[in-house]
Amino acid sequence: MTQFINKREDIVAEAIDGLVAASGGKLARLDGYPHIRVVVRADWNKSKVAIVSGGGAGHEPAHAGFVGKGMLTAAVCGDVFASPSVDAVLAGILAVTGPAGCLLVVKNYTGDRLNFGLAAERARAFGLNVRVVIVDDDIALPDLPQARGLAGTLFVHKIAGALAENGADLATVSAAAERVIAGTHSIGMSLDTCTIPGAPKESRIPHGKAELGLGIHGEAGVNQVDYLDARGAMAMVAEKLSHYMIKGKKHVVLLNNLGGASVLESMVLARELSHSAIADRAGFIVGPASMMTSLDMRGFSVSVYAANEEDIAALKAPVSLSAWPGIHELSAPKIRDLPDGLKPIRPLASPHAPTRDFITRCCQILIAAEADLNALDAKAGDGDTGSTLATAARALITALDDLPLADHTQLLRAIGLELSQTMGGSSGVLLAIFFSAAGDATSSGMSLTDALKAGLNRMQEIGGAQPGDRTMVDALVPALAALSSGSIAGAASAARQGASHTASIARAKAGRSAYISAEHLLGHVDPGAEAVARLFEHLAAD
């Protein structure tokens with residue numbers, strides 16, 4: 001896998017330089033590269049308790065991204081997924097620790113415990129007051145005596161950081177950190193493994209499976225489970241966490257992107273969390289956001305903590321860094337009425353079995369073609385033509401009971417309205433215009449075929465596409481022309497010829513394909529034209 005790196009051995013040092021350079025002067029790094037990689041607050045004066053954490057790189061923005069007023073005082077960075085050295089940790093402690101002392105927040109991995117622990121001992125030999133807390137929030141293996149530290153570590157960073165910023169002494173900060181650790185529980189799930197910089201990607205998770213209970217260093221999950229959708233994934237995670245949550249108590253939930261899930265997917269997961277079995281105990285949410293990642297792992301983790309009022313105040317306390325997404329109440333979406341003029345005025349529904357069967361059949365044809373059309377669109381577009389048409393088709397089937405099926409004029413207008421509301425992209429607008437104009441044409445006495453031609457003309461006038469521009473028009477124009485003879489088979493043949501011809505058109509003059517070079521267009525049928533051709537072909541075969 002190609003990555004934006006220079007040399008594998010330089011990636012951590014160069015990433016730290018980039019972080020510091022972009023911090024606006026808020027961060028600094030210690031000298032001693034490349035062996036000592038420590039990011040510190042540039043404004044630190046050692047007058048308060050210092051909070052130091054760290055570990056291997058690859059978890060960005062953790063840990064260095066959380067250095068700032070109100071959270072970490074310093075972060076010690078190791079190589080990718082490798083603990084920093086004792087000297088590096090000691091350098092970080094010595095650089096930021098004053099009379100108030102220092103708290104080391106360490107995730108429960110052997111390398112981190114040993115290196116941070118020995119560095120703490122050496123710092124105490126210098127006369128410094130250093131305490132260590134070990135975060136072990138992973139619940140994947142409940143019987144494991146040494147549970148791993150996961151994204152729940154961020155609760156400790158934030159609450160301990162807020163207390164230290166407000167002037168609490170080391171004993172108070174340390175006790176609070178221990179209390180948060182004891183009450184924090186986390187578990188993760190992923191659909192794919194991560195990619196270690198400069199190394200080949202491991203592919204151990206087969207299609208249709210997900211790993212539940214995995215670590216943040218690319219470790220395999222506790223088990224592989226069947227994956228169906230985001231709802232099922234969140235349900236499995238919620239079920240595991242529910243056993244650790246206090247009934248009747250509102251918890252803070254941290255929804256963490258492990259690095260490779262898109263923002264869109266993360267928001268869907270947040271929605272599923274708000275509908276999950278633990279939603280009634282989830283009073284607040286942090287995220288969704290990438291906070292403690294595993295490079296580009298396509299997964300997420302959920303951490304829960306039964307926070308008290310003081311903890312909530314600490315989690316809400318302002319910080320001087322952007323990586324912390326803040327904490328918000330988790331509540332049902334607020335819904336407001338549409339503005340006047342946008343509420344649809346639907347005609348009276350009227351049943352008509354043959355029309356209902358015909359529309360249903362058309363919709364089923366488009367739904368069945370979804371994957372093929374998406375694959376065809378992916379060769380020259382964004383791969384969503386099939387999904388766009390199928391989504392509209394499903395919505396239309398759902399709306400059938402409310403449509404005036406016995407009145408073609410009102411039906412065509414109603415279909416246009418339905419598509420304008422449920423079908424995305426320019427194709428949705430154009431087809432809404434097509435059906436609405438066709439409905440207007442039937443009201444003036446035109447036959448259905450002539451009305452469809454009128455709708456096509458209006459769509460072309462507004463959309464600008466002409467035959468030869470490599471759009472659905474290339475199949476729709478000849479199909480409707482042939483339909484004038486009354487032959488659906490002739491219309492199907494004409495639509496197929498028109499669609500096939502688009503594969504030889506090197507330049508599109510409308511639609512998204514207009515932005516694609518000839519080498520990506522030649523040999524591939526336009527997906528919109530293909531959809532028209534398939535529709536007529538299946539209708540002709542019935």
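Trainee: Why is Arg179 called partly exposed?

Mentor: In this predicted model, Arg179 has a relative accessibility of 34%. Buried means under 20% and exposed means over 50%, so Arg179 counts as partly exposed.

Trainee: What makes the contact of Arg179 and Asp311 a salt bridge?

Mentor: Their side chains meet at 2.8 Å, N to O. The cut-off is 4 Å between a side-chain nitrogen of Lys or Arg and a carboxyl oxygen of Asp or Glu, so the pair qualifies. Arg179 lies in helix H5 and Asp311 in helix H8, so parts that are 132 residues apart in sequence are tied together.

Trainee: Is Asp311 buried or exposed?

Mentor: Asp311 has a relative accessible area of 2%. The limit for buried is under 20%, so Asp311 is buried.

Trainee: What do helices H5 and H8 pack against?

Mentor: An open sheet of 7 strands, ordered E9-E8-E7-E12-E10-E11-E13 with mixed pairing. Helix H5 (residues 170-183) touches strands E7 and E12 of the sheet, its direction making about 50 degrees with that of E7. Helix H8 (residues 309-316) lies across E10, E11, E12 and E13 and runs at about 120 degrees to E13.

Trainee: Why are E10 and E11 called paired strands?

Mentor: Pairing needs at least two bridges. Strand E10 (residues 251-257) and strand E11 (residues 282-289) are joined by 5 bridges, so they pair, and they run parallel. Asn256 stands opposite Ala289 in E11.

Trainee: How do you know that Asp79 and Arg37 form a salt bridge?

Mentor: Their closest N and O atoms are 2.7 Å apart, and the cut-off is 4 Å. Asp79 is in strand E4 and Arg37 in the loop between strands E1 and E2, 42 residues apart.

Trainee: Which accessibility class does each of the two belong to?

Mentor: Asp79, at 42%, is partly exposed. Arg37, at 7%, is under the 20% limit and is therefore buried.

Trainee: What makes Glu537 and Arg496 a link between distant parts of the sequence?

Mentor: Glu537 lies in helix H18 and Arg496 in helix H16, so their pair ties together parts that are 41 residues apart. The N to O distance is 2.8 Å, and the 4 Å cut-off is met. Glu537 has a relative accessible area of 29%, which lies between 20% and 50%, so Glu537 is partly exposed.

Trainee: Which residues are linked in a network with these two?

Mentor: Asp372, Glu530 and Arg534 are linked with Arg496 and Glu537 in a network of salt bridges. The structure holds 25 salt bridges.

Note on methods. Residues numbered from 1 in each chain as written. Predicted model: local features only at pLDDT ≥ 70, side-chain atom pairs only at ≥ 80, totals over all residues. Heavy atoms only, no water. Helix = DSSP H or I, 4+ residues; strand = E, 2+ residues; numbered from the N terminus. Contact = heavy atoms within 4.5 Å. Axes fitted to C-alpha atoms, helices over the stretch in contact; angles between N-to-C directions. Buried < 20%, exposed > 50% of the residue type's maximum accessible area, 1.4 Å probe, protein only.
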